[in-house]
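Q: Please take a close look at the salt bridges, and then at what surrounds them. Keep the terms simple and say what each cut-off is.

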Amino acid sequence: MPNLVPKALRKPGKPGEGNGALSPEKLKEAPVDLVGWVDERTGASPFLTGLLFRKVPKGTNWYYTLGSATLFAFLVQAITGVFLAMFYVPSPVEAYGSITHITNDVFLGEFVRGMHKWGATTMIILIFLHMARTFFFGAYKYPRELNWVIGVVLIILTLVMGLTGYLLPFDQRSYWATIVAMNITATGPILGPYLADFLRAGAEFEATTLSRFYALHMMLVPGLIIALIGAHLYLVVKLGTTAPPWVRAESKPKSLREEKV
Amino acid sequence: MDSAAKEAYLREYEVLKKKGKPFFPYAVFKDSVMFMIVVGVIAFMSLMLGAEQGPKADPTTTTYVPRPEWYFFFLFELLRVLKPPELVPVATIGLPTVAMVLLLLLPFYDRNPERHPLRRPVATTAGIMTIIAMAFLTYLGASAGSPTEIELDVAPQYEAGKQVAAQSGCLACHQFGHNGNDGPGPELTHIGSELPAAAIERTLRNPPGIMPSFENLPPEKFNDLVEFLSSLR
Ligand code: HEM
């Protein structure tokens, strides 16, 4: 089978074997491949090989794909969201019509809108499943406490996306549900009324409420989510993922030598 | 966890990691399969179920169903369970805030070094109970109807107002006779004997708590509505 990994990103050999990422031979030769060319200028390959060939612990199973699955659902939302934003108009007069336009006239418009809508549902389900996995596996314990905290903030932000996105089609359901949701927020103790006024952009639901929800939904909250996913994944790589709690290391000296896979 | 337990964990983890497999291609393979499933399922649902669009938002019309997205049903159902107005802030913001803080701080109060779910009976039971409670409330929310009919016998001059009430979503939160949902708002079957017409009118313009304002109804419909409510004795 041909090796599909570009040369610069192959698994580094043992010291002295001579195909290491930045070996002197390599630096002398003019780079012929694109990956090598970029690598010579960025020095990214040690980082990338470290990322690709880091070990995941024994026993890692399909439950460990739920985090990536959540990430993929978020990417679907980000991409379809950009296309929706090209046609959506966040004004109370035009919003509804622009959604009708997307649904009926724009090429693949209804498909993209449907993907954004069902992608939201999928992401919510996946993020809860991922949280349940890390909960039942005890993965929030030392040394991964901070990653759990970041995760809880991510779940809150994801729910805020659901709340702010629901208003945007500006049909009867979204309008009245949002009024009730804002009134619910306003009944909260201490901060409730202020939070509701901030979300509504005033004491009552007004024209600016829609723009405010739109700005939150497509700029502020996704920006925060992207930054926090970055921090989350940095910690995942840095600390490594847990082994399932029922997998134990029997410390027979023999098994310690099974380093090669 | 004390420092000995921490060290023991890190040592054991080091061994398990050494015995593991490289991320590429093993984990990458699983993740790629998952990628295709996720995108495939989303595209399939979009093709099969589409994205409907209801009638345009209109503060002055009378047909609407104040329903949140399904993943907020459990919050809305909490409002029905905890109905008295004094408890509404507890249900709406208090309980969810407490739940979120408990969730956020979980690693800091659960200091048991054990990770196996069967050897953490308290945590595992609490987790399963939370899942069951949320699933049950979501189910209640999903099966609560949004009725649009009131089957009360009223004098003919109040029929118009009854129509307005039936189609203005009051039934999502109030009960008239045996129509409508039992909460979060109080039953209105005898509201005319409890509140004078002027107070009802004030409530509709400037409602307490979570109820939306109906100030923007056309004046004629608004008056019909107030007359109908005052006639319920
Ligand atoms: C946008 C949302 C999220 C994304 C994209 C995401 C992504 C990931 C990924 C890719 C991993 C690697 C291991 C795995 O997939 O299981 C991971 C691990 C982890 N996540 Fe998340 N996550 C998200 C939300 C959350 C939430 C809501 C929580 C919990 C409240 C959480 C807690 C954790 C913990 C504790 C780990 C370490 C697990 C281990 O080492 O076994 N994450 N996350």
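Salt bridges and their surroundings

A: R41(A) and E40(A) are joined by a salt bridge, with their closest N and O atoms 3.9 Å apart; the term stands for a side-chain nitrogen of Lys or Arg within 4 Å of a carboxyl oxygen of Asp or Glu. This is a predicted model, in which local features need pLDDT of at least 70 and side-chain atom pairs pLDDT 80 or more, while totals for chains, interfaces and linings use all residues. Residues are numbered from 1 along each chain as its sequence is written, chains are lettered from A and ligands numbered from 1 in the order in which they are written, and side-chain values use heavy atoms, without hydrogens and water.

How exposed is E40(A)? Its relative accessibility is 38%, so E40(A) counts as partly exposed (buried is under 20% relative accessible area, exposed over 50%, partly exposed in between, with a 1.4 Å probe and protein chains only).

R200(A) and D197(A) form another salt bridge, and here the closest N and O atoms lie 3.2 Å apart. Both belong to helix 9 (residues 192-200) of chain A, and because they are 3 residues apart, about one helical turn separates them (helices, H or I, of at least four residues, and strands, E, of at least two, are DSSP runs numbered from the N terminus). The two ends of this bridge fall into separate classes: R200(A) is buried, with a relative accessible area of 8%, whereas D197(A), at 32%, is partly exposed.

Chain B has a salt bridge of its own between E201(B) and R205(B), where the closest N and O atoms are 3.3 Å apart. Helix 9 of chain B (residues 197-205) holds both residues, and their spacing of 4 residues again amounts to about one helical turn. E201(B) has a relative accessibility of 30% and counts as partly exposed; R205(B) is also partly exposed, at 30%. Elsewhere, salt bridges with shared partners link K117(A), R173(A) and E52(B) into one network.

Part of that network crosses from one chain to the other: the side chains of E52(B) and R173(A) meet in a salt bridge of 3.6 Å, N to O. How many salt bridges cross between chain A and chain B? The rule finds 4 across this interface, and the structure holds 10 over all chains.

The interface has other kinds of links too. Across it, 34 residue pairs are in polar contact, both at pLDDT 80 or more (N or O atoms within 3.5 Å; within protein, one must be able to donate a hydrogen and the other to accept it, and residues adjacent in sequence count only if both atoms are side-chain atoms). On the chain A side, the elements that each supply at least two residues to the surface touching chain B include helix 4 (66-87), helix 7 (145-167) and helix 8 (172-186). Helix 6 of chain A gives the largest share of that side, 18 residues.

In terms of contact (heavy atoms within 4.5 Å), 93 residues of chain A meet 82 residues of chain B. The two chains bury about 8,100 Å² between them, 69% of it on carbon and sulfur atoms (the accessible area, 1.4 Å probe, that two parts lose on being put together, summed over both). Y142(A), Q172(A) and W176(A) supply 10% of the area that chain A buries against chain B, more than any other three residues.

For one residue of helix 4 of chain A, take T70(A). T70(A) is buried, its relative accessible area being 8%. The T70(A) side chain reaches the backbone oxygen of L66(A) at 2.8 Å. Leaving aside residues up to four places away in sequence, T70(A) touches M123(A), L126(A), I127(A) and H130(A).

As a whole, chain A has 11 helices and 1 strand. Of its 261 residues, 47% count as buried. Among contacts in chain A with a separation of 6 or more, 71% are between residues 24 or more positions apart.
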